[in-house]
Every structure is written in C-alpha cells, then in structure tokens.
Amino acid sequence: MQMLFGKKKELWETDESLALDSAISKVVNAFPGSGADDAEKMLKFIASAESNYGNYNWDTALSYGPYQMDPIRYYDVIQNKAWGQNNENRIDKANEFLRNEGYGEDFDLRDLAVYNPNTKGFDSVNRDLIHDPLVATTIARLALMQDAGAIPTDDEKIADYYFDFWGPRINDPSQPGYDDKRDDAFENFYSYNPEYDVDSKVFDALQDSTSTPALDSIINDNFIRESIEEPRDNTRVEPTE
C-alpha cells in the first residue's frame, strides 16, 4: 500500500456507513471475545474491502451483506453442525441478542437461508435479513470467533488476515488486481474510520505548531505497536464430528 503522508483525507459518511458503525459497536459489545477492539477494527476493514463500508447495490452484489458473505461461509458459520456445541452455543447467544434488538421472539440465524451443497448456493434466502447490517455483522463476528488465531492490530497485518481468512476472490499477491484491491480497501477503511489513519493524525499534528507532544505520542504509539506485534498463528480450528 502506498502511504498518503501529508494528504488530508475527507471523511466519508453515509446512512449506510452510520448504520454499519452502530451495528459493529453493538456486536463487539455483545461478543467481546478476547479482544473487542481488535474485532471491531477487523470488522470495519472487511466491510471496507468488501462493500465500500456498506455502500453497495443488493441487486448487483455477488454475495450478501456489507461483508459480502457467500452461501458457503454462511452455511459453515451457522448451519454446519460439525463445529460442535461451542459454535451452537454462540449461535444461540447471537439469536438472543438479535431478539432483544427487536427481530422477533422466534428469530433464528439458522433459518435465514436454505443452503444447497450441490450448487453451493441458496435454494431460498431472506434477502432483507441477510443484508441487514446488524444481522450480517453478527454472522461476521461469529465467523471470526471460529478462528483460533488472534486478530492482529497492525494495519498491514489486518489486511493480510483479511486476504488469508476471509478469502476474497482476489486474495494472492500474484493475482492481477491484488494491489489495487488492497489499496482500495485501505482507502475506504481510513476514509470511513479516520481514527485509525496514522498518516492523517500526523498531518493534523503537523498543522498545529503547538502539538509536538501529540505528534510524538502518535508516532511512538505506532512504532511500539508495530515493534511488539506477535506473529499470528495461522492454524484454523477444523470442525470435528
């Protein structure tokens, strides 16, 4: 990714992005796991890469929701019994959470779609619900919770995690379009979430001659975070019967 040092980015904000912000905040509070901040940042990056942070056309999108969940992943996260009781317990908790958010006392994530293993697609699907930001974010959070590896905090490693774990169609540096997809993901991510953009913070600090301590803090925090980042365990927990 080419850094845009010294270039002030414009904050992008739409009804869709605000709805997604709200959904992510609610979901990471309900499912903090071992690092709610990491999950929040990861969810925001996935949505930035997949749907321009929730700004997409249902009718032309290749998959579903702001995270562009395909039928195979939906089935694996929600309907694949091979993941065992822990996964079922998480789904039950997610259903309770969404019922309390007003989706109805009989709401069940397992009933959103009928997956066909032969076509690897849906025979039927509730499009309104599977595209819903809060429902989609809940499923995406459950997907992240199936991974045994820690979610990274460094921006470049978050991008690596996205391409490795989420597995978009273009996911290998050797593929044409990989660099563009990665750059676009970061541009969307920082534009909708400028609080994560170190370059933009440095730019702001440089405009204020009295902000040297703030600038030092920003630079030092970023340097320390990158220096102590632990290598990620890429081993995924495989479902067992």
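These legends walk through several close-up views of a predicted model. Local features are described where pLDDT is at least 70 and side-chain atom pairs where it is 80 or more, while totals for chains, interfaces and linings use all residues. Residues are numbered from 1 along each chain as its sequence is written, and side-chain values use heavy atoms, with hydrogens and water left out.

**Figure 1. The whole chain, with its 10 helices and 2 strands.**
Helices (H or I, at least four residues) and strands (E, at least two) are DSSP runs, numbered from the N terminus. Reading from that end, the order is α-α-α-α-β-β-α-α-α-α-α-α. How much of the chain is buried? Of its 241 residues, 46% are. Here, buried means under 20% relative accessible area, exposed means over 50%, and partly exposed is in between (1.4 Å probe, protein chains only). A contact means heavy atoms within 4.5 Å. Among contacts between residues at least 6 apart in sequence, 70% join residues at least 24 apart.

**Figure 2. Helix α6, residues 133-145.**
Try a quick ruler check on this one. The expected span of a helix is 1.5 Å times one less than its number of residues. For the 13 residues of α6 that gives 18 Å, and the end C-alpha atoms are 18 Å apart, so the two agree. The helix is mostly covered, with 11 of its 13 residues buried; among them are L134, T137, R141 and L144. Now look at the start of α6, where a side-chain oxygen of D132 comes within 3.0 Å of the backbone nitrogen of L134. That is a polar contact: a pair of N or O atoms within 3.5 Å, where, within protein, one must be able to donate a hydrogen and the other to accept it, and residues adjacent in sequence count only if both atoms are side-chain atoms.

**Figure 3. I139 and its neighbours in space.**
I139 sits in helix α6. Why does I139 count as buried? Because its relative accessible area is 2%. Leaving out residues up to four places away in sequence, I139 touches M69, Y74, V77, I78, L109 and L112. Take V77: it is 62 residues from I139 along the sequence, yet their C-alpha atoms are 7.3 Å apart.

**Figure 4. S63, in the loop between α2 (36-51) and α3 (71-79).**
Is S63 buried or exposed? S63 counts as buried, because its relative accessibility is 14%. Not counting residues up to four places away in sequence, its contacts are Q68, M69, D70 and H131.

**Figure 5. Two salt bridges between distant parts of the sequence.**
Side chains of opposite charge can pair when their charged atoms come close. A salt bridge is a side-chain nitrogen of Lys or Arg within 4 Å of a carboxyl oxygen of Asp or Glu, and the whole structure has 11 of them. In one, D155 pairs with K41, and the closest N and O atoms are 2.6 Å apart. D155 belongs to helix α7 (residues 155-166) and K41 to helix α2, so this pair ties together parts that are 114 residues apart in sequence. Both partners are buried: D155 has a relative accessible area of 8%, and K41 has 9%. In another, D59 meets R127 at 3.4 Å, N to O. D59 is in the loop between α2 and α3 and R127 is in helix α5 (residues 127-130), so this pair links parts 68 residues apart in sequence. D59 is exposed at 65%, whereas R127 is partly exposed at 34%.

**Figure 6. A network of salt bridges.**
Which residues take part in the network? They are K81, E88, D92, D108 and R110. Zoom in on D108 and R110, whose closest N and O atoms are 3.2 Å apart. Both of these residues are buried.

**Figure 7. The largest cavity and the largest pocket.**
On a 1 Å grid over the protein atoms alone, a cavity is a set of points where a 1.4 Å probe fits but cannot get out; a pocket is an open set with protein on both sides within 12 Å along at least five of seven lines, and lining residues have an atom within 4 Å of a point. Grid points are joined across faces, edges and corners, and a volume is the space filled by probe spheres set on the points. The count is 1 cavity of 30 Å³ or more. The largest cavity holds about 30 Å³ and is lined by Y64, M69, I130, A136 and I139. The largest pocket holds about 570 Å³. Of its 23 lining residues, E50, Q68, P168, R169 and K181 are the closest to its centre. The elements giving two or more residues to that lining are α2 and α8 (178-192).
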